[in-house]
Amino acid sequence: MARGPEIDIVTLFPELLEPFIKGAVLGAALRDGRVQVRVTDLRAYATDRHRTVDDTPLGGGDGMVLKCEPTVAAIEAVRQPQGRVLVLSPRGRLLDQDLARELALERQLVLVCGRYAGLDERILEETGAEELSIGDYVLSGGEAAALVVTEVVTRLIPGVLGNPSSPERDSFSEGLLEHPQYTRPRVFRGRRAPAVLLSGNHAEIERYRRRESLRLTFERRPDLLECAELGEEDRRVLQELKHERD
Ligand code: SAH
């Protein structure tokens, strides 16, 4: 059975993560052993009586900073020899589908959630952690970001999604956005689903979908076309789309 990386999430708020991890697709994959996700409470690694995990920034400023001792101890406790440690951070490398595919091949991912003003820089130095961002905006904590990473990585593991072929057809898988989808009824409030989808002609359907995929990518994300895997027919379609536009 195909397995993805073991995922360890280090957080101050385990209770935020657990319902999501146990639900829906991920929950089923956990139960049948395809995916292992563990949540570690950072506070359990605090060393003083008050279970302190953060402190005010040296030099002054707003917010609190996660302290070195408990955070490094928690990372070291869960990290396996080949584990890859990723601290969620808006400063980090941007997550995209290529990076998700790379992460899905790892043995273990340790995802560290920041809170407040962030983490003491020496946590990164001491553990050799990389920083990973899910987008150019600022969340209040790394938990939502860790869930995003967990979901994009685990859905690439064969058998985690019901239909094994679905990740290959998703947006970005070949560098293109996905074509539009339709289901029954054939006519909704006068809007007809494209006739080709009902033709039973699979070659035609494939051609139509590829064209729609190219059209959407051309209109919305032309930047993606530069790295997309394109064939001769694709380039012809793109020329046509350019002519239509001009
Ligand atoms: N002061 C920090 C932001 C702290 S936000 C800065 O400007 O860089 C608090 C925590 O939320 C961060 O430590 C990080 O773990 C998480 N976070 C916020 N935005 C994120 C993003 N875009 N991607 C991943 N994690 C993010």
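## Exercises on the ligand site of a predicted model

The largest pocket has a lining of 25 residues, with L88, S89, P90, G114 and G118 nearest its centre. The structure is a predicted model.

**Exercise 1.** Determine which space the ligand takes and which elements line that space.

*Solution.* Step 1: the ligand occupies the largest pocket. Step 2: about 410 Å³ of space lies in this pocket. Step 3: at least two lining residues come from each of β5, β7 (118-119), α5 (121-127) and β8. Step 4: β5 makes the greatest contribution to the lining, with five residues. Step 5: sorted by class, the lining of the largest pocket holds 13 nonpolar, eight polar and four charged residues.

**Exercise 2.** Describe the shell of residues around the ligand by proximity, by element and by class.

*Solution.* Step 1: take as shell members those residues with a heavy atom within 4 Å of the ligand. Step 2: the shell has 19 residues, and L88, G114, G135, Y137 and L139 come nearest to the ligand. Step 3: β5 (84-94) and β8 (130-133) each provide at least two residues of this shell. Step 4: the largest share, three residues, is that of β5. Step 5: ten residues of the shell are nonpolar, eight are polar and one is charged.

**Exercise 3.** Identify backbone atoms that lie within 3.5 Å of a nitrogen or oxygen atom of the ligand, and state how much of the ligand the protein buries.

*Solution.* Step 1: consider the nitrogen atoms of the ligand. A polar backbone atom of G135 is 2.9 Å from a ligand nitrogen, and a backbone N or O atom of S89 lies 3.3 Å from a ligand nitrogen. Step 2: turn to oxygen. An oxygen atom of the ligand lies 3.5 Å from a backbone N or O atom of G142. Step 3: the ligand taken alone exposes 560 Å², of which the protein buries 82%.

**Exercise 4.** Locate a cis peptide bond and a residue other than glycine with a positive phi, and explain why such features merit a note.

*Solution.* Step 1: the peptide bond from R184 to P185 is cis, its omega being near 0°. Step 2: P185 belongs to the loop between α7 (166-169) and β9 (187-188). Step 3: Y116, which is not a glycine, has a positive phi of about 60°. Step 4: Y116 is placed in the loop between β6 (108-112) and β7. Step 5: such features merit a note because most peptide bonds are trans and most residues other than glycine have a negative phi.

Technical notes. Residues numbered from 1 in each chain as written. Predicted model: local features only at pLDDT ≥ 70, side-chain atom pairs only at ≥ 80, totals over all residues. Heavy atoms only, no water. Polar contact = N/O pair within 3.5 Å; in protein donor to acceptor, adjacent residues only side chain to side chain. Areas by Shrake-Rupley, 256 points an atom, 1.4 Å probe, with all protein chains shown as cover. 1 Å grid on protein atoms, 1.4 Å probe; cavity = no way out; pocket = protein on both sides within 12 Å on 5 of 7 lines; lining within 4 Å. Sits in = over half its atoms within 2 Å of the grid points. Helix = DSSP H or I, 4+ residues; strand = E, 2+ residues; numbered from the N terminus. Nonpolar A, V, L, I, M, F, W, Y, C, P; charged D, E, K, R; others polar. Points joined across faces, edges and corners; volume = space filled by probe spheres on them.
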